[in-house]
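Dear colleague,

I am handing over the structure below, and I would be glad if you could look through it before reading my notes, which follow underneath.

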Amino acid sequence: MVTNAHYDAAETQDPAVREAALFARLRSLLETSQAGAPALRQQLEGIAFASLIDRAALQQVPVIRKGDLLALQAKNPPFAGLSPVRPGALKRLLVSPGPIFDPEGRGDDWWGAARALFSAGMRREDIVHNAFSYHLTPGGHMMESGAHALGCAVIPAGVGNTDQQVEAIVALRPSGYIGTPDFLKILLDRLSATGAASPFRHALVSGAAFPASLQQEIAGAGIDAYQAYASAELGVAAYETTARSGLVVNEGLIVEIVRPGTGEAVADGEVGEVVVTRLVPEYPLLRFGTGDLSRVLSGLSSCGRTNIRLAGWMGRADQRTKVKGMFVDPAQVAAIGRRFPGLGRLRLVVGRDGAQDTMLLKAEAGAASDELRAELEVALQAATKMKGAVEIVALGRLPNDGKVIADERPVE
């Protein structure tokens, strides 16, 4: 039931009740899906479904990242054996750059966009201008399905044809905008240039940076704009609310923050890679690594929604770097950390001394010693097959930004 404050009661349920329901749904979904999805069975090899009772247990499941998905789909198109549903039974077969193929199921609001649109102020019988692409990629269809679930009428504008879009806006007077924030500015500028007033009052933006300066400009145009975090594989994963404090995770998803390059959860508040498990029968993605960095905010949102909140996009987690002709991966740095559990954050700084690449491992520790420094130098060489220096710093000294490898070589 839609209320004035929240889309439905699920958004305000007790967090412990939500968590138990999510993992019960996960176990049930795996029981019914894995028989028809060979890649899913392989991902779960050796793992008893009954053991997946909480987030700690979920860490048994390997993370699948976009590069893995691309390779799997190339071997077994279109959906790599991760979907138990025949392609012809789906609503749409979509293509993202890569190419990566994405299914769309036939359920209402299959992508979970309605909550984000509702939070942005859109309501039944509103007219919304959807400026996400409808050509092959999921964006336009994703947001349109959510708008239809709310009972909105949609102008399927797509991308480009700015003058024609302005004509439609002037004639049809949509109160809502869905699209990238930079294209919203283009439309506003073009409307102003033609002497037409903007009809937009609400906006849900995604797919591009929304800096404070642009936020102020959009707000100055009388538009209440909110951000959504979405992807072609996951639909809408999190969305901004009236609290203006982080992005609330969407219902039906299990979101973790892991150390980049690994599947290991970081401590609450630490920056790491966003990993999402999506519980839909047509495409039950388990522990999909988005490659995006974020962190979980403490406490509950003042808007009344009780799901966890993300701080928003904080960079990319893919920090794999070539040093002296060899790749160094964040997972190798994480392996060093596991050998020394008393350490805090680690950061491998890659630099240049003349024509030679250098490595400096900065490690947080309660106390520095020559013995610890020597042990870490040995561990660094064992992990990377290259020598590097070690600097021990005080606990809490390294920034909480999710960066495991910092390439500080000068750009030539």
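How much area does the chain expose, and what share of it do carbon and sulfur atoms supply? The chain exposes about 18,400 Å², of which carbon and sulfur atoms supply 53%, with accessible areas taken from the Shrake-Rupley method with a 1.4 Å probe.

Please keep in mind that this is a predicted model, in which local features need pLDDT of at least 70 and side-chain atom pairs count only at pLDDT 80 or more, while totals for chains, interfaces and linings use all residues. Residues are numbered from 1 along each chain as its sequence is written, and side-chain values use heavy atoms, leaving out hydrogens and water.

Of the 412 residues in the chain, 50% are buried, meaning that they have under 20% relative accessible area. Among contacts (heavy atoms within 4.5 Å) between residues at least 6 apart in sequence, 63% join residues at least 24 apart.

The chain has 11 helices and 21 strands, which are DSSP runs numbered from the N terminus (helices are H or I with at least four residues, strands E with at least two). An open sheet of mixed pairing is formed by 9 strands in the order 5-4-6-7-8-9-10-15-14, where two strands pair if DSSP finds at least two bridges between them. Strand 5 (153–156) and strand 14 (296–297) each have a single partner strand, so one side of each is left without a neighbour in the sheet. Within this sheet, strand 7 (residues 202–205) runs parallel to strand 8 (residues 224–231), and 4 bridges join them; Leu204 has Tyr226 in strand 8 as its bridge partner.

With best wishes

Definitions and conventions:
Buried means under 20% relative accessible area, exposed over 50%, partly exposed in between (1.4 Å probe, protein chains only).
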